[in-house]
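Work through these exercises with the model open beside you. Each task is followed by a solution in steps.

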Amino acid sequence: MKRCTRCVLPETYPGIQFDSDGVCNFCKRFKGIDRLRQSMEKYRGRFEKLLAEKKKAGEYDAIMAYSGGKDSTFTMAVLKEKYNISFLAMTMDNGFISPRSLDNIRNVVEGLGVDHIIYKPRMDTLGKLFRHSAKEDIYSRKGLERASSICTTCMGIVKFVALRYAIESSIPFIIYGWSPGQAPIEASIFHNNPDMIRTMQAQFTVPMKTVVGDEIDNYFLTEKHFSTPERFPHNISPLAFLEYDEDKILEHIKSLGWKKPEDTDPNSTNCILNSMGIDIHLKRFGFHPYAFELAGLVRAGYMDRDEAIKRLEEKPDHKTIDMVKKKLDGFK
């Protein structure tokens, strides 16, 4: 398969074009690492200013969307240690969290002194959504350029459950552990605007309702939430403007009792279901759902190109996929 000679995007990626040197149009739009460093400093300052304005003694400063993976663990640890942020960590149990990851989650929240809740949606509802999204395209093609349909299902629920809780509890920030390849610097800080959120919510609820009906209403905003726009929080993705080095991240979180799970694919450090989502996405669209993220990490100098290609070309673990399918069939 032909790939960009600078990043790792393949010829099958939507909208890709190559110049005579084999460099893709996404790389040609990248303004360089020096410009990125300047932007990181600017956004870091903006975050610190917002934090100084919104932080209140004795209350939660932020909800941490905490998957238990390496990036969200590192994000929460750094913000806790450097900025003394008062977190409520929230983990969505989708039924496929690695047992090692559950141990990691417990070790980390206990070690950091963070309040933590596990949110577990109904598995019959989740199971229907996972099975359906595995067979049919129910989300926009644009969204599926960066994540599998199964991941999109989980992320939609996680984002809106966290937003509901933040609005109901007047918590000013929701923190995500997106890598710099998942959340570009320009998207690392934004205020949730009710009109924009209403549109974004419909992108999930409309297709989900065709599968499970009103069973998903408990996971999304209602008119009660939209009637309090002053409570809408900021979303923050700190890894876009903090230093990002996988080796240093792993070393840092190791001190909190975090160990890398051995039952997940190379692109996930918490979810066993991810293998199935990748396999389906590759067969359906002809490109890896992590291609965009890893290309961004390579472009910005955070990952070696050969390492990115190695992760993208690792063969699916069909033993894990068969186990996931069998478990999903049990949620009826």
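**Exercise 1. Find what covers helix H11.**

Task: Which helices are included in what covers the buried residues of H11?

Solution.
- Step 1. Locate H11 at residues 291-299. Helices here are DSSP runs of H or I with at least four residues, strands are runs of E with at least two, and both are numbered from the N terminus.
- Step 2. List the cover: it includes helix H1 (25-29), helix H2 (33-54) and helix H12 (305-313).
- Step 3. Count the buried residues. Nine of the nine residues of H11 are buried, so the helix is largely enclosed by the rest of the structure. Buried means under 20% relative accessible area, exposed means over 50%, and partly exposed lies in between (1.4 Å probe, protein chains only).
- Step 4. Check the charged names. Glu-293 and Arg-299 are among the buried residues of H11.
- Step 5. Look just past the helix. Gly-301 takes a positive phi of about 85° there.

Before going on, note the ground rules. This is a predicted model, in which local features need pLDDT of at least 70 and side-chain atom pairs count only at pLDDT 80 or more, while totals for chains, interfaces and linings use all residues. Residues are numbered from 1 along each chain as its sequence is written, and side-chain values use heavy atoms, with hydrogens and water left out.

**Exercise 2. Describe the surroundings of Phe-241.**

Task: State whether Phe-241 is buried or exposed, then list its contacts.

Solution.
- Step 1. Place the residue. Phe-241 sits in the loop between strand S6 (234-236) and helix H9 (246-254).
- Step 2. Read its accessibility. Phe-241 has a relative accessible area of 0%, so it is buried.
- Step 3. Set aside neighbours within four places in sequence. Phe-241 is then in contact (heavy atoms within 4.5 Å) with Met-40, Tyr-43, Arg-44, Phe-47, Ile-185, Ser-188, Ile-189 and Ile-236.
- Step 4. Take one distance. Phe-241 and Glu-11 are 230 residues apart along the chain, and their C-alpha atoms are separated by 30 Å.

**Exercise 3. Sort the salt bridges.**

Task: Which parts of the chain does the pair Asp-137 and Arg-284 tie together?

Solution.
- Step 1. Recall the principle. Side chains of opposite charge can pair when their charged atoms come close.
- Step 2. Apply the cut-off: a side-chain nitrogen of Lys or Arg within 4 Å of a carboxyl oxygen of Asp or Glu. The count comes to 22 salt bridges.
- Step 3. Take the pair in the task. Asp-137 and Arg-284 meet at 2.8 Å, N to O. Asp-137 lies in the loop between helix H5 (123-135) and helix H6 (149-169), and Arg-284 in helix H10 (residues 274-285), so the pair ties together parts that are 147 residues apart in sequence.
- Step 4. Add accessibility. Asp-137 is partly exposed at 36%, and Arg-284 is partly exposed at 26%.
- Step 5. Turn to a pair within H10. Lys-283 and Asp-279 form a salt bridge at 3.1 Å, N to O. They lie four residues apart, about one turn of the helix. Lys-283 is exposed at 62%, whereas Asp-279 is buried at 7%.
- Step 6. Add another pair. Asp-124 and Arg-122 meet at 2.7 Å, N to O. Asp-124 is partly exposed at 25%, and Arg-122 is partly exposed at 43%.
- Step 7. Finish with a network. Salt bridges link Lys-70, Asp-71, Glu-246, Glu-307 and Arg-311.

**Exercise 4. Inspect two backbone angles.**

Task: Where do Asn-84 and Ser-170 lie?

Solution.
- Step 1. Start from the rule. Most residues other than glycine have a negative phi.
- Step 2. Read Asn-84. Its phi is positive, about 50°. Asn-84 lies in the loop between helix H3 (70-83) and strand S2 (87-92), and is exposed at 51%.
- Step 3. Read Ser-170. Its phi is positive, about 55°. Ser-170 lies in the loop between H6 and strand S4 (173-175), and is partly exposed at 36%.

**Exercise 5. Step back to the whole chain.**

Task: What percentage of the 332 residues is buried?

Solution.
- Step 1. Count elements. The chain has 13 helices and six strands.
- Step 2. Read the share. Buried residues make up 55% of the 332.
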